[in-house]
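Got the viewer open and a selection box handy? Load the model below and keep the cartoon and side chains within easy reach.

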Amino acid sequence: MAKEVMLQFVDRAQAFPPKRQAPLRAQDFREIAERYAPPAAEEQAGRCSQCGVPYCSVHCPLHNHIPDWLRLTAEGRLREAYELSNSTSTMPEICGRICPQDRLCEGNCVIEFSQHGSVTIGSVEKFITDTAWDQGWVEPLQPGRARGQSVGVIGAGPAGLTAAEYLRVLGYDVHVYDRHDRPGGLLTYGIPGFKLEKPVVLRRTDRLAAGGIVFHQGFEVGRDATLDQLRDKHDAILIATGVYKARAIKAPGVGLSGVVEALDYLIASNRKSFGDAVPAFDDGSLDAAGKNVVVIGGGDTAMDCVRTAIRQGAASVKCLYRRDRANMPGSQRETANAEEEGVEFVWLSAPEAFDTKGNGGGDKVGTVKATGMRLGAPDASGRRAPEPDPGAAFDVPADLVIKALGFDAEDLPTLFDAPELGVTRWGTIRTDARTMMSNLDGVFAAGDIVKGASLVVQAIRDGRDVSERMHAWLKTQAKAPVAREMVAA
């Protein structure tokens, strides 16, 4: 049967789920495409060539069993496909929505190389697990036999939530501490609804809470408890805070009113979607409505900002990026979506200064003074380094400037009142590569706070890996009291 339904890529064209028309989708924060109807999902899954060496799996950080669950989907065995997909990922439907498949699994699909168009892996993955939720196949979290040990997880983003789930299944009491008032980290507050609708995240975190994981929201380590106090309370600690410190722009006028950080802007928008009171949005500071908006940066966060500004009713939205389109770090699909929705990209450009010209007076930004760039020799990473192009200066009207140049680690030793916590020169936590433990006994770390800003799927992988390392270490600690009693006798 498998041979009959697979290998259809020659006769069957690649077809993603249809997107809503750009003028319509730009009016709301709903996801821009619906999921497949079952026949379409089965047909697209049947395009898989069932490679002997599946490069899609190799290039997936989770090493998902992609060809196998594509085959099961093509055969209509959706529950089995879901169970296999779920066996390696705690959030398959989230990865299906927000992973940059064009750079990972789909970008390394063998039939993509043969010019037939990759299998639409992400869309099928989303379809499988959304169907599982609809059909009630997603089972409640079942805690393992109680071990009498507890774990404190600092950070309720994808790495922390993944580790919390695996550790709870292993029988540990798990407490998650997070500064926000809802779990999910950037899944909840950093990624707009048009890419990831919030009920998709909340049903995952609700499942964890129903399984006995205790969430302490609005909790700041260093303010509500020091790291040492949490260490005294738990048998092990996982730091999975992510990286939230915005990279700075060094340019005159950067402190003017109306020049804002990307994460502040996105969090305000997402909070409004929940119906929260957001004074900085309500007074217009973080609302793009009617404004000329300039976003600086070329990554996925910049794409989130420009597309959010369109939906808020900006008069114009321009994205300044210092390299060309081929060298931008963000998803090409997201760039195409943004262009369809009315965003103008100003390639090979960078801000030189911000001034008040055109704002009618005061200390509010009115203009971005930009300079043209050109690509020079490759830098240490192999990418051609941008350099100023003499004589190519120009002005861009701007009532709101959003800085989206990426994120670095916060000063956790100071924030956590833990000066002894070892960090790298980049501020990320220094860990042992084998154990994933920091220099503090029983304090582990995973996700972006170790690797630097990366992908959600990589954070999930790190959460899975660190749960195994923590379990191995905690088992040795559980035996210690017995050994001490024998020595005392």
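What follows is a short walk through the structure, one selection at a time.

Before you click, bear in mind that this is a predicted model, where local features need pLDDT of at least 70 and side-chain atom pairs count only at pLDDT 80 or more, while totals for chains, interfaces and linings use all residues. Residues are numbered from 1 along each chain as its sequence is written, and side-chain values use heavy atoms, with hydrogens and water left out.

**Stop 1: residues 25-136.** Start with the stretch that UniProt, in an unreviewed entry, labels "domain: Dihydroprymidine dehydrogenase". UniProt positions appear in the numbering used here, with shortened feature names, and annotations may be inferred rather than shown by experiment. Colour this range by secondary structure and you get 51% helix and 0% strand, with 30 Å between the end C-alpha atoms. Helices (H or I, at least four residues) and strands (E, at least two) are DSSP runs, numbered from the N terminus.

Now pick helix 5, residues 66-74. How many of its residues are buried? Of its 9 residues, 7 are, where buried means under 20% relative accessible area, exposed over 50% and partly exposed in between (1.4 Å probe, protein chains only). Show I66, P67, W69, L70, L72, T73 and A74 to see the buried set. Just past the helix comes G76, with a positive phi near 80°.

**Stop 2: the salt bridges.** The count here is 46 salt bridges, each a side-chain nitrogen of Lys or Arg within 4 Å of a carboxyl oxygen of Asp or Glu. Try R20 and D28, which meet at 2.9 Å, N to O; R20 is buried at 18% relative accessible area.

Next, select R307 and E334, whose closest N and O atoms are 2.6 Å apart. This pair links distant parts of the chain, from helix 16 (residues 300-311) to helix 17 (residues 332-340), 27 residues apart. Both ends are covered: R307 is buried at 1%, and E334 is buried at 12%.

Then go to D395 and K357, a salt bridge of 3.8 Å, N to O. D395 sits in strand 12 and K357 in the loop between strand 10 and strand 11, so the pair ties together parts 38 residues apart in sequence. D395 is partly exposed at 39%, whereas K357 is exposed at 52%. For a bigger selection, take E31, R35, E93, R97, K126, D130, D134, R203 and R204: salt bridges with shared partners join them into one network.

**Stop 3: the sheet.** Select strands 10, 11 and 12, which form an open antiparallel sheet in the order 10-11-12; two strands pair if DSSP finds at least two bridges between them. Strand 10 (349-355) and strand 12 (384-397) are the edges, each with a single partner strand, so one side of each has no neighbour in the sheet. Strand 11 (residues 367-378) is joined to strand 12 by 9 bridges. To see the register, put T367 opposite P397 of strand 12.

**Stop 4: S438.** Where is this residue found? Look in the loop between helix 18 (412-415) and strand 15 (443-445). S438 is buried, at 9% relative accessible area. Leaving aside neighbours within four places in sequence, S438 is in contact (heavy atoms within 4.5 Å) with L421, I429, R430, T431, V443 and F444. Finish by drawing a distance from the S438 side chain to the backbone nitrogen of L440, which comes to 3.1 Å.

Notes: Polar contact = N/O pair within 3.5 Å; in protein donor to acceptor, adjacent residues only side chain to side chain.
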